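Here is a short tour of one protein model, written for someone who likes cut-offs stated alongside the results. Have the viewer open as you read.

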Amino acid sequence: MENPPRSSAITAVSARMRKKERTKPQSAPAYSTLRRLVWILIALTTVSAAVAVAVFRPWPLSPATKVEAGQPMAEAAEAAAFGPTIPIATSVREPSPPGMVWIPGGDFSMGAMDAPATARDGMHAADDARPVHRVFVDGFWMDETDVTNEEFARFVRATGYMTIAERTPTADEFPGAPPENLVAGSVVFSPPAHPVVLNDHYQWWLYLKGANWRHPEGPNTNLKGREKYPVVQVAYPDAFAYAKWAGKRLPTEAEWEFAARGGLAGKRYPWGDQFRPSGKWMANTHQGHFPEIDTGEDGYAGIAPVAQFPSNGYGLYDMAGNVWQWTSDWYRPDYYWQLAAAGGVTRNPQGPETPYDPAEPTEKKRVHRGGSFLCTDQYCSRYVVGTRGKGEVTTGTNHLGFRCVKPVAANNREIAATNVAQSTNKEIEK
Ligand SMILES: [Ca+2]
Ligand SMILES: [Cu+2]
């Protein structure tokens, strides 16, 4: 699943959706006729897409990433297995920064082999997390929870920072946008009252005037009692500015995944292979019928405060649910193929040089990680730890937040390395 980029939400599409929302729900017969038509359209689209895929690859692959003729990408990926996670055996000689936990770093297998439900959403979510490849990341500190409203408010008070959703879009930035849409706002989950075909996310995403981090679901909502909820409606530059102010930075995609796996290797979720071990809910996801009914069986319909579910092996909360999180990597669907083709262990990957999403080639996207309260096996199973998301950089929504990381001070890292050498020697002496 992916949110519509701000640009297309502000231009013609959102105007159409607003009109649609204002009109009364259609009568049942009209709706079923419409549904039949939609299904015929889907069938036609699928056939033509299949033909198109047979003729063109969905995105250009550089020579290095070409898969042998006749060998489907998926098969090539299955051949690569998960290896063990090998953490660096160091202890750090500096106190934990408040609210942060130590992620040891080390070698691990990154990616997902199996994400069947995401294959339906038409975003190559299954393919773009392949193949599984070996990566090394240095150790780092990571926020144990997503950044909360209370923390973001402190930043805004100290700096006077104005988020992108609070800035009025101009006709120059969004040529062709209807004037009534040139208002400050953001994209909000606004589910219809009835079931819809899951091929058009504008059925549940709407550009709402006045939606921003202080009013996450629109102008009539606020943060009263939501101090400990993750801040949402933050675009990438907003998250970046917060991190800088806090003396931290945003995690790379590789750091995020190493941390989310919590020391385990090749598991489907941050806690293991069972979605609900012993019947226990492990993350805030979506139950009911997507998108119109959220039953909240896991304890929360919609967003939850941070840290309401068990932490993972590194003490991190909400790495599989509640809100998606920004990472600093540009998005390209074939990035893992490039790394795998280069072979060996990639050290501290920073993402591709430039963004490219064949689905929306003009939008600049960065990688989103983690699941959200909207994730469901009916539409998008991003709680699967190796899967990837993506989002246009200026677009925030009410299920997207972030957390920060902080490298260990260089002199403390050296001390840690010395300590390891000494302790190793002691072992030998004994
Ligand atoms: Ca829930
Ligand atoms: Cu999702």
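The report below goes through strands, helices, the nonpolar core and some backbone details.

## Ground rules

This is a predicted model, in which local features need pLDDT of at least 70 and side-chain atom pairs count only at pLDDT 80 or more, while totals for chains, interfaces and linings use all residues. Residues are numbered from 1 along each chain as its sequence is written, and chains are lettered from A and ligands numbered from 1 in the order in which they are written.

Helices (H or I, at least four residues) and strands (E, at least two) are DSSP runs, numbered from the N terminus. Two strands pair if DSSP finds at least two bridges between them. A residue is called buried if 20 or more other C-beta atoms lie within 10 Å of its own, exposed if 12 or fewer, and partly exposed in between, with C-beta atoms placed from the backbone. Two residues are in contact if their C-beta atoms, again placed from the backbone, lie within 7 Å.

## Strands

Let us begin with a sheet. Three strands form an open sheet in the order 2-5-13, and their pairing is antiparallel. Strand 2 (100-103) and strand 13 (405-407) are its edges, each pairing on one side only. On average, neighbouring strands here are turned by 30° against each other, direction ignored; for this angle, axes are lines fitted to C-alpha atoms, for helices over the stretch in contact, and angles run from 0 to 180 degrees between N-to-C directions. Strand 2 is joined to strand 5 (residues 140-143) by 4 bridges, and W102 faces W141 of strand 5 across this pairing.

Another antiparallel pair is made by strand 6 (residues 185-189) and strand 7, with 5 bridges between them. Within that pair, S186 stands opposite L208 of strand 7. Is strand 7 largely enclosed or open, and why? Strand 7 (residues 205-209) has 4 of its 5 residues buried, so the rest of the structure largely encloses it.

## Helices 5 and 8

In helix 5 (residues 149-159), the buried residues are N149, E151 and F152. These sit on the same side of helix 5 because they span an arc of only 165° around the axis, where the arc is that of the directions from the helix axis to the C-beta atoms. The buried residues pack against helix 6 (236-245), whereas R157 and A158, on the other side of helix 5, are exposed.

After helix 5 comes the loop to strand 6, where R167 is located. R167 is partly exposed, with 13 other C-beta atoms within 10 Å. Leaving aside neighbours within four places in sequence, R167 is in contact with M162 and A184. R167 and V183, 16 residues apart in sequence, have their C-alpha atoms 8.1 Å apart in space.

Helix 8 (residues 335-342) buries Y335, Y336, W337, L339 and A340. Strand 4 and strand 9 (346-347) are among the elements that cover these residues.

## The nonpolar core

A nonpolar core is a set of buried Ala, Val, Leu, Ile, Met, Phe, Trp, Tyr and Cys residues joined through C-beta atoms within 7 Å. The largest one has 79 residues, and M142, V234, A239, A259, Y269 and A320 have the most contacts inside it. Beyond residues up to four places away in sequence, Y269 touches F275, M282, A320, Y383, V384 and V385. As background, nonpolar side chains tend to be buried together in soluble globular proteins.

## Backbone details

Several residues take a positive phi, as listed here.

| Residue | Phi | Place |
|---|---|---|
| S278 | about 50° | loop between helix 7 and strand 8 |
| N322 | near 75° | loop between helix 7 and strand 8 |
| G343 | about 80° | just after helix 8 |
| G160 | near 70° | following helix 5 |

Neither S278 nor N322 is a glycine. S278 is exposed, with 5 other C-beta atoms within 10 Å, whereas N322 is buried, with 32 C-beta neighbours inside 10 Å.

Where do cis peptide bonds occur? The bond from R130 to P131 is cis, with omega near -10°, and P131 lies in the loop between strand 3 (106-110) and strand 4 (133-137). F290 and P291 are also joined by a cis peptide bond, with omega about 0°. P291 belongs to the loop between helix 7 (253-261) and strand 8 (324-330).
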